[in-house]
Amino acid sequence: MLSKDFIAMDICTSMEQKRVLAIHDISCVGKCSLTVALPIISATGIECSVMPTAVLSTHTGGFVGYTYRDLTADLDPIVKHWETLKIRFNGIYTGFLGSFEQIDIVSGIFDRIGKHARIFVDPVMADNGELYKVFPDTFPQGMKKLCAKADLIMPNLTEATLLLGEPYKKGPYTKDYIEGVLKRLSALGPKQVVLTGVYLNEEDLGAASYDRDTGEINYAFHRIIPGYYHGTGDIFGSVIVGCLMNDVPLTRATEIAVDFTCRSIMRTWEARTDVRFGVNFEAGIPKLVQDIGLKPE
Ligand code: PXL
């Protein structure tokens, strides 16, 4: 082999594409979980491998009669096969998990194939002060254990209070309160926390981020848009993962994620479409790629 080929090989290995494993259900219609994580993470130049935990005909928010095929029994054989291939993941991103058993299996997956991976946990289980009806009251205890193993968690304020065993409070919030919540969440284990559903007044809604190593706390806000939009938590989380895997700092990643999610909601609101089918995030992908600083080839 010529020496210049060696140099080319060297560059290839040092610029190896990063690979993230997204562990979520796949809701065939309705744009959430894997149908959001895959396109967004891929658009940020990161390979997105998937572990589907269940297949649903639609998500559970607003449609009736959806099908649900649980894939819990498939998870261990999938990991066993990957172990024989010695696949390495640079990141693992988990979202909606349907049972304690799935939480335990995913926790084991972190130990088995996640040693070199940055672990992102979105403890999807509640919103607007209430645990989702599909979960037992003890579910937050299971999620808390999973969050303890994460490098970064991204709960909304309802999930945050459930993880902390504190009563849910309605906003507007004070910075003191938000900063206390961020620090108490980080004390559960994760070095970085992104808290969503934060508002300090009635006009603006957004997210707050905390990095325990630097002590830095930052906020990113957008004007409140009326209505409830399914899958936007997964859109937000996928952008955070895509940004951080591209070494975008947490503060900037949070700003980009708030901006991307809000633009997706705005587009959908303006189009007056049936919001059960999810928001139009696809049209925002070119700007996302630009904001992250990725250059076209
Ligand atoms: O976006 C979170 C989510 C994920 N998976 C399923 C859901 C939802 C929200 O409703 O129903 C199946």
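Colleague: Asp247: buried or exposed, and how do you know?

Modeller: Asp247 has 61% relative accessibility. Exposed means over 50%, buried under 20%, and partly exposed in between, using a 1.4 Å probe and protein chains only. At 61%, Asp247 is over the 50% mark, so we call it exposed.

Colleague: Before we go on, what sort of model is this?

Modeller: It's a predicted model, where local features need pLDDT of at least 70, side-chain atom pairs count only at pLDDT 80 or more, and totals for chains, interfaces and linings use all residues. Residues are numbered from 1 along each chain as its sequence is written, and side-chain values use heavy atoms, leaving out hydrogens and water.

Colleague: Okay. Where is Asp247, and what is odd about its phi?

Modeller: Asp247 sits in the loop between α8 (232-245) and α9 (250-271). Helices are DSSP runs of H or I with at least four residues, strands are runs of E with at least two, and both are numbered from the N terminus. The phi of Asp247 is positive, about 65°, although the residue is not a glycine. Asn128 also has a positive phi without being glycine, near 50°. Asn128 is in the loop between β6 (126-127) and β7 (130-131), and its 59% relative accessibility makes it exposed too.

Colleague: What makes you call Val289 partly exposed?

Modeller: Val289 comes out at 22% relative accessibility, which falls between the two cut-offs, so partly exposed is the label. Val289 is in helix α10 (residues 285-292). Leaving out residues up to four places away in sequence, Val289 touches Ala43 and Leu294, where contact means heavy atoms within 4.5 Å.

Colleague: How do you know that Thr53 is buried?

Modeller: Thr53 has a relative accessible area of 1%, and that is under 20%, so it counts as buried. This residue belongs to strand β2 (residues 47-58). Beyond its neighbours within four places in sequence, Thr53 is in contact with residues including Ile23, Asp25, Leu71 and Phe96. A polar atom of the Thr53 side chain also lies 3.1 Å from the backbone nitrogen of Asp25.

Colleague: And which residues are around the ligand?

Modeller: Among them are Asp25, Cys32, Thr60, Phe96 and His230; to be listed, a residue needs a heavy atom within 4 Å of the ligand. A polar side-chain atom of Asp25 is 2.7 Å from a ligand nitrogen. The Thr60 side chain has an N or O atom 2.6 Å from a ligand oxygen. The protein covers 93% of the 320 Å² of accessible area that the ligand has on its own.

Colleague: Why does Cys32 form no disulfide?

Modeller: A disulfide needs two cysteine sulfur atoms within 2.5 Å. The closest cysteine sulfur to that of Cys32 is in Cys28, 10 Å away, so the gap is too far for a bond. For Cys48, the closest cysteine sulfur is in Cys32, and 14 Å is again too far. The structure holds zero disulfides. Cys32, at 10% relative accessible area, is buried, and Cys48 is buried at 11%.

Colleague: Last one: what is the peptide bond from Gly171 to Pro172 like?

Modeller: That bond is cis, with omega near 0°. Pro172 lies in the loop between α6 (157-164) and α7 (175-186).

Notes: A polar contact is a pair of N or O atoms within 3.5 Å; within protein, one must be able to donate a hydrogen and the other to accept it, and residues adjacent in sequence count only if both atoms are side-chain atoms. Accessible areas come from the Shrake-Rupley method with a 1.4 Å probe; for residues, only the protein chains shown count as cover.
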